[in-house]
Amino acid sequence: MDQVLPIALISLLLGTAIALIFFKNYFLKRKSEIGSISEPVLHSDLHKKPPKPTHQSRKPHSKPHSHASSDKDHNKKHHPLDLNTLKGHGDSVSGLCFSYDGRSLATACADGVVRVFKLDDASSKSFKFLRINVPAGGHPVAVAFSDDASSVVVASQTLSGSSLYMWGEEKVKATDDSKQQPKLPLPDIKWEHHKIHEKRAVLTLVGTASTYGSGDGSTIVASCSEGTDIKIWHGKTGKVLGNVDTNQLKNNMATISPNGRFIAAAAFTADVKVWEIVYSKDGSVKEVPKAMQLKGNKSAVAWLCFTPDSEQIITASKDGSIRIWNINVRYHLDEDPKTLKVFPIPLHDSNGATLHYDRLSLSPDGRILAATHGSMLQWLCVETGKVLDTADSAHNGDITWIAWAPKPMPAGDGQTFVLATASVDKKVKLWAAPPLEI
């Protein structure tokens, strides 16, 4: 019995030791399992937190993106020649025109509204404008002033074709009864014509005063269709004064010389056709015969403009050249117009191929040529063909129209020639003329 007790005690101790060892291993294993479970959860939490930073990093990334775009706009605003931006257009701006005194600027916008801005100072912070709503179903594509700043001729595009309207204001008679000035009435439609080029759209609309020869000084307007026909209208009455046809598959554009003597058109072929507007003794238009043809370009002319004296034409061809032509010739005696200068267009794509200009406009002093390609704007010296300045991204989209104010305009402390540009980006911009090289 005495021997059995020690053996039982030893067995109990061994069993307890074995049990302790077993439970110790069990709890250690359990702890490692808990650790192995909790660790991925902790790791998972760490991964859940990064999405926050990545999400946050996206927000800052999008903000810098908007900041970057605003920085770009900021830089564009502060291009040395960038004077101002006329905002408020609800859609693409397809046309613009200065009044004869240069103090009004009319714009044609795809939102169905023609706006006439008053430009007392090109650098003003805001501009007052008159709003003209085009009749429902159409949107204005081009605009030209008639005899004064209170009358505007508008080309409107509808599904059935192009319409032409002239809005004018009635002159308010001053009365001594009231000390207050009477409120100016909104302009009314004075005349209108529909389907002026059948179902074809109007590409360009240009007006000028008929001051050549026996012209009576009234405004004549030329509408150029996307077909081959061009019509001449009397700005005040809406009467059709003449029709010409390029017979070149399709037109690119047409314009009138500043003195109202010539009409020139760029079309599908390389040749530019020029007609003369012949006036009767009473100042009315008698006929519009073909006068001459500009031959020498190897490809179609995309755009052209007259010099201020109406004696020369500048063409921009798709062959990559700018040509200056003398049209002050005796074409009645079969004397042909002569090429005075040829400049290469200083634009190339990534492969080195020469690009062409989309639009041209010559400054009122005839010394600076403004030209566009897409959203890029350049100023060139007419004398040398050298680039004076470039705005690589003048707008956030293609430039649709450009025009110089006919007279120097106040801009801050001084005066300068001002160029206006319209674009699909819903903006109209005003630019100062660059300094000419001495």
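How many aromatic pairs does the structure hold? In this predicted model, the structure holds five aromatic pairs, and two of them are described here together with two open sheets and one loop residue.

**Aromatic pairs**

F117 and F129 form a tilted aromatic pair, with 5.0 Å from centre to centre and 40 degrees between the planes. This pair links distant parts of the chain, since F117 belongs to strand β4 (residues 113–118) and F129 to strand β5 (residues 129–133), the two residues being twelve residues apart. The two partners can also be described by their accessibility: F117 counts as buried because its relative accessibility is 2%, which falls under the 20% limit for that class, whereas F129, with a relative accessible area of 38%, is partly exposed. Another of the pairs joins Y165 and W167, whose ring centres lie 5.3 Å apart with the planes at 40 degrees, so this pair is tilted. Both Y165 and W167 are buried.

**Two open sheets**

One open sheet consists of four strands in the order β15-β16-β17-β20, with antiparallel pairing. Its edge strands, each of which pairs on one side only, are β15 (251–256) and β20 (290–294), and neighbouring strands of this sheet are turned against each other by 20 degrees on average, direction ignored. A second open sheet, also of four strands, follows the order β25-β26-β27-β28 and is likewise paired in the antiparallel sense. Here the edge strands are β25 (359–362) and β28 (387–391), each pairing on one side only, and the twist from one strand to the next averages 15 degrees.

For each sheet, one strand pairing is set out below, together with an example of residues that stand opposite each other.

| Strand pair | Sense and bridges | Bridge partners |
|---|---|---|
| β15 and β16 (residues 262–267) | antiparallel, five bridges | N251 and A267 in β16 |
| β25 and β26 (residues 368–373) | antiparallel, four bridges | L360 and A371 in β26 |

**A loop residue and its distant neighbour in sequence**

G88 is placed in the loop between β1 (82–86) and β2 (93–98). Is G88 buried or exposed? With a relative accessibility of 53%, G88 counts as exposed, because the limit for that class is over 50%. Although G88 and K427 are 339 residues apart in sequence, their C-alpha atoms are 7.8 Å apart in space.

Conventions. Residues are numbered from 1 along each chain as its sequence is written. This is a predicted model: local features need pLDDT of at least 70, side-chain atom pairs count only at pLDDT 80 or more; totals for chains, interfaces and linings use all residues. Side-chain values use heavy atoms; hydrogens and water are left out. Two strands pair if DSSP finds at least two bridges between them. Axes are lines fitted to C-alpha atoms, for helices over the stretch in contact, and angles run from 0 to 180 degrees between N-to-C directions. Buried means under 20% relative accessible area, exposed over 50%, partly exposed in between (1.4 Å probe, protein chains only). Rings of Phe, Tyr and Trp (its six-membered ring) pair if their centres lie within 6.5 Å; planes under 30 degrees apart count as stacked, over 60 as edge-to-face and the rest as tilted.
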